[in-house]
Every structure is written in structure tokens, then in C-alpha cells.
Amino acid sequence: MKVYPPDAKWRDMAPGGIIPQAGNAEEYDVSGWRSSHPEHDSECCIHCLFCWIYCPDNAIVVNEEKKVVGFDAQHCKACGICAQVCPKSCISMKPGGEMADARQK
Ligand code: SF4
Ligand code: SF4
């Protein structure tokens with residue numbers, strides 16, 4: 001995969017700014033540019049895994065019992081889709097990019 005250096009100019013980029021390699025989100029740490037973050041209420045969660053299915057960055061962390069335990073702080077880009085699809089409103093978006101990393105639990 002081509003990785004552009006920080007001093008790359010626009011003429012170095014792919015035409016139209018396209019990303020020719022699909023499914024590459026997991027290769028990037030997005031924690032530095034997030035301006036909000038999701039919070040999960042484990043008391044209300046029924047572990048339907050809707051959030052896990054819909055997260056475009058595979059950033060919902062599920063344990064061996066198939067229960068949601070939180071988020072992957074390195075890859076969550078705070079799109080808010082998980083909060084939108086949760087049927088029980090157990091995920092809410094909060095201001096600020098800092099968030100706990102459930103992968104460390
Ligand atoms: S969608 Fe909501 S209720 Fe379902 S697993 Fe995710 S947080 Fe829990
Ligand atoms: S905010 Fe977006 S990227 Fe982060 S866990 Fe939810 S759906 Fe995934």
C-alpha cells in the first residue's frame with residue numbers, strides 16, 4: 001500500500017483524492033484527530049451487536065462471550081453510527097477525542 005509522507009504535495013496524490021485500496025482503515029491510528037468519542041452504557045446494553053455490525057471501522061470491542069465491552073480507541077473515528085443504530089440508546093457521543101481503549105481490558 002502506498003503511504004504518503006507528510007510533505008507530499010497534491011500532485012503526488014491519486015487523482016480525485018481516491019483511496020484505491022479498500023478496507024485500509026485498520027492500518028491507521030485515528031486517535032489524534034478525533035474531536036468526539038462514543039460512550040457505552042453497559043447497564044443498558046442487551047448485546048444485540050447492532051453497533052458491532054454497523055461500525056465501519058470494526059472499532060466495537062466484543063469479548064469471548066460475544067458481549068460489547070467498549071471501543072477500540074485507536075480506530076474509532078467518532079462517526080456516531082453506533083449511537084444511531086443502537087436500539088436501546090446505550091451509546092452516546094461525547095465531546096473530546098480522549099476515550100478508554102477496551103482492547104486493554
Ligand atoms: S447496539 Fe446497543 S444494545 Fe446492541 S450491543 Fe450495541 S450498545 Fe448494546
Ligand atoms: S463512533 Fe463510528 S467508528 Fe467509533 S465505534 Fe461507533 S461506529 Fe465505530
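How many residues surround ligand 2, and which are the closest? Select ligand 2 in this predicted model. There are 13 residues around ligand 2. Closest are Cys55, Cys76, Cys79, Ile81 and Cys82. Colour this shell by class: 10 residues are nonpolar, 1 is polar and 2 are charged.

Next, select ligand 1. Here, too, 13 residues form the surroundings. Look for Cys45, Cys48, Phe50, Cys51 and Cys86, the closest of them. By class, the shell of ligand 1 holds 10 nonpolar, 2 polar and 1 charged residues.

Now hide the ligands and turn to the largest nonpolar core. This core has 14 residues. Start with Cys51, Ile60, Phe71 and Cys82, which touch the most other members. Two of these names are familiar from the ligand stops: Cys51 is among the closest residues to ligand 1, and Cys82 is among the closest to ligand 2. Then show β2 (60-62) and β3 (68-71), the elements that each give two or more residues to the core. In soluble globular proteins, nonpolar side chains tend to be buried together.

Stay in the core and click on Phe71. Which residues does Phe71 contact beyond its neighbours within four places in sequence? They are Pro38, Ala59, Ile60, Val61, Cys76, Met99 and Ala102. Cys76 was also met at ligand 2, as one of the closest residues there.

Last, display the backbone of β2 and β3. The two strands pair in the antiparallel sense, over 3 bridges. Find Val62: opposite stands Val68 in β3. Follow the hairpin round its turn, where 5 residues lie between the strands. Stop at Lys66, which takes a positive phi near 60 degrees.

Methods:
Residues numbered from 1 in each chain as written. Chains lettered and ligands numbered in written order. Predicted model: local features only at pLDDT ≥ 70, side-chain atom pairs only at ≥ 80, totals over all residues. Near = placed C-beta within 6 Å. Nonpolar A, V, L, I, M, F, W, Y, C, P; charged D, E, K, R; others polar. Core = buried A, V, L, I, M, F, W, Y, C linked by C-beta atoms within 7 Å. Buried ≥ 20, exposed ≤ 12 C-beta atoms within 10 Å, placed from the backbone. Helix = DSSP H or I, 4+ residues; strand = E, 2+ residues; numbered from the N terminus. Contact = placed C-beta atoms within 7 Å. Pairing = 2+ DSSP bridges.
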